[in-house]
Amino acid sequence: MSDRLGDLLVKAGRITPDQLRTALGKQREEGGRLGSNLVKMGLITEPELVEFLSKQFRVSAINLTQVEIDQSVVKIIPADVARKYTIMPVSKTGAKVTIAMLDPSNVFAMDDIKFMTGYNVEPVIASESAIRAAIEKYYGASHALELKKVMEELDDDPLGGDDLEVLEDEPDEFDLDTLEEESDEAPVVRLVNIILTDAIKRGASDIHVEPYEKKYRVRYRIDGQLYEVMHPPLRLREAITSRIKIMSKLDIAEKRLPQDGRIKIKTKIENKEKELDYRVSILPTLFGEKIVLRLLDSDKLMLDMTKLGFEPESLRKFEFAIHQPYGMVLVTGPTGSGKTNTLYSALSNVNKPDTNIMTAEDPVEFNLAGINQVQMKESIGLNFAAALRSFLRQDPNIVLVGEIRDFETAEVAIKAALTGHLVLSTLHTNDAPSTINRLMNMGIEPFLVATSVQLVVAQRLVRRICTYCKEPYEVNPAELVAVGFSEREARTLKLFKGRGCETCGDTGYKGRVGLYEVMKVDDDVRDLILSGATSVELRDKAVENGMITLRGSGLQKIRDGMTSMEEVLKETVL
């Protein structure tokens, strides 16, 4: 409201046009609100400003220093929302909540609060300093009390009284160097910092913090495998959970419901500034809250499709499909199989200045320049189907739907594919042919599936053999024949495995590579779909037409010395 407030003050004769220009210049240089800058410059006092705004907007003024606010009212609005809009809940009557605001014309803030809380909003005006003081008084105190309550459950108070306010004042971004320096401080802070920083150094993708009846353990997922790394004292369970909740801006008092949040870390690795995100998921279990943190490192995102693991023929089919003007391309596989990476690589490949790309994701894992990404919010009705309908009014060329979970999303996606848009999406199926039947089981008519779906990619991730300790070894040819090699090839094939070294943590593996099954929906496959063929019949026809199966892709990786037979057997079937 800065320009409007300035004009109103000039019109009322409270300040001159020159004073307004000076104040606006100061605001551009130093930031902050226009009203605050006018007060700092001594051109108007806070009480005068409040009185002026009250008369202009015909809204009551309130002196927050003379009001005692009930904790039940404070809890209506989260601390981060109160700070974001510089507002303070004052009272509640029936379905109406009274909010002290600086700017009663801020309809966005009022709509946000109404939608989030379900209450009608009645604004009153208060000074900025009074609102900020009230936020610190009530939100600071409530968080400190909750923390103290958690700490009293422990034999010892590892955080100490002075640390409570410091934790509340943590910035949105946590500097990795600062986290490591804090390792000399309170035990809980030190332990959480070690868990976060050690995971980065080990190249983990996920951190699992798990409470059990008689033990507490931390595991890292490295190259798809979970490894136990430590067993913190069980008595620190509540304190560790609270620390992680505070860092990810979650409610430390809520222990009955699942919560999701995010922690951002900024650091320097090899003199390069780097931002890392941890996606935090907290789930109540029988013996406490289990925490899973997923590390989202944009540097690990492989956008070069030639390095993902596609066989040359499979890659040619995939690239051809994503450069078509319309149709649907589906990527399938279980959670953690690299579907997001494959789709992001495809988007990167087709991302041109003349192309409008829209994505609906849950969650948005990485920001891609030049692509319009939308985060799903089920709580307010923004799901994949709703987002996709909206996208179609945004003149898109290419649409990415994070996942087809239900009939509604599938129906809208297929209609989009049939009306001149290229649609990319994911499904959870075991292989490429069964994806067709999955769509029909959702309720989509066979003729719609046959005409819209252009290509289906099924994928898995297997661990790469460590290049530092890679060595050949002998295998009985009969075993090789059993996994799919021909008898002739089994006699001459040279296999490799990792011996285990310091680089790979004695596992014999370092990094992962994809196995891909790419099924093109050509005329033969389309005829089978229309005749209601089973996934087995679709598979046989696709293989006859040159499709490399997941097992075939795995066997090729074994031939190339990229992975081991054990890894391929673990992820694929004949």
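Two strands are said to pair if DSSP finds at least two bridges between them. Helices (H or I, at least four residues) and strands (E, at least two) are DSSP runs, numbered from the N terminus.

The structure on display is a predicted model, in which local features need pLDDT of at least 70 and side-chain atom pairs count only at pLDDT 80 or more, whereas totals for chains, interfaces and linings use all residues. Residues are numbered from 1 along each chain as its sequence is written, and side-chain values use heavy atoms, with hydrogens and water left out.

**The whole chain**

Begin with the entire protein chain, which has 24 helices and 19 strands. Of its 574 residues, 49% are buried; buried means under 20% relative accessible area, exposed over 50%, and partly exposed in between (1.4 Å probe, protein chains only). The chain exposes about 28,200 Å², and carbon and sulfur atoms supply 49% of that area. Accessible areas come from the Shrake-Rupley method with a 1.4 Å probe, and for residues only the protein chains shown count as cover. Among contacts (heavy atoms within 4.5 Å) between residues at least 6 apart in sequence, 63% join residues at least 24 apart.

**First stop: the three-stranded sheet**

Select residues 87-93 and 120-125, which are strand 1 and strand 3. They belong to an open sheet of three strands with the order 1-2-3 and mixed pairing. Strand 1 and strand 3 are its edge strands, each pairing on one side only. From one strand to the next, the twist averages 30°. Add residues 96-101, strand 2, which pairs with strand 1 in the antiparallel sense over six bridges. Within strand 2, V97 is the bridge partner of K92. Then select residues 107-117: this is helix 7, which packs on the sheet and touches strand 1, strand 2 and strand 3, its direction making about 140° with that of strand 3. For such angles, axes are lines fitted to C-alpha atoms, for helices over the stretch in contact, and angles run from 0 to 180 degrees between N-to-C directions.

**Second stop: E136**

Select E136, which is found in helix 8 (residues 128-152). E136 is partly exposed, with a relative accessible area of 42%. Add A79, which is 57 residues from E136 along the chain; their C-alpha atoms are separated by 9.3 Å.

**Third stop: strand 5 and its partners**

Select residues 206-211, strand 5, in which six of six residues are buried. Both faces are covered, with D206, H208 and E210 buried on one side and I207, V209 and P211 on the other. Strand 6 (residues 216-222) pairs with strand 5 in the antiparallel sense over six bridges, and a hairpin joins the two through four residues. The bridge partner of D206 in strand 6 is R221. Now select residues 288-296, strand 10, which runs antiparallel to strand 5 and is joined to it by four bridges. Here, I291 of strand 10 stands opposite V209.

**Fourth stop: T342**

Move to T342 in helix 14 (residues 339-350). T342 counts as buried because its relative accessibility is 0%. Not counting residues up to four places away in sequence, T342 touches L308, F310, F318, V331, Q459 and Y516.

**Fifth stop: the seven-stranded sheet**

An open sheet of seven strands follows the order 13-12-14-15-11-16-19, with mixed pairing. At the edges stand strand 13 (372-375) and strand 19 (509-520); each has a single partner strand, so one side of each is left without a neighbour in the sheet. Neighbouring strands are turned by 20° against each other on average, direction ignored. Select strand 16 (residues 453-465), which is joined to strand 19 by 10 bridges and runs antiparallel to it. K520 in strand 19 is the bridge partner of L455. Helix 15 lies across strand 12 (357-361), strand 13 and strand 14 (398-401), running at about 165° to strand 12.

**Sixth stop: two helix pairs**

Select helix 15 (residues 384-391) with helix 16 (residues 407-418), whose axes come within 8 Å and cross at roughly 20°. Helix 15 is therefore roughly parallel to helix 16. Angles under 35 degrees count as roughly parallel, over 145 as roughly antiparallel, 65 to 115 as roughly perpendicular and the rest as oblique. The contact is made by F384, A385, L388 and R389 of helix 15 and E408, T409, V412 and A413 of helix 16.

Finally, select helix 17 (residues 432-441) and helix 22 (residues 535-544), which pack at an angle of about 140° with their axes 8 Å apart. These two helices are therefore oblique to each other. Their contact is made by P433, S434, I436 and N437 of helix 17 and S535, L538 and R539 of helix 22.
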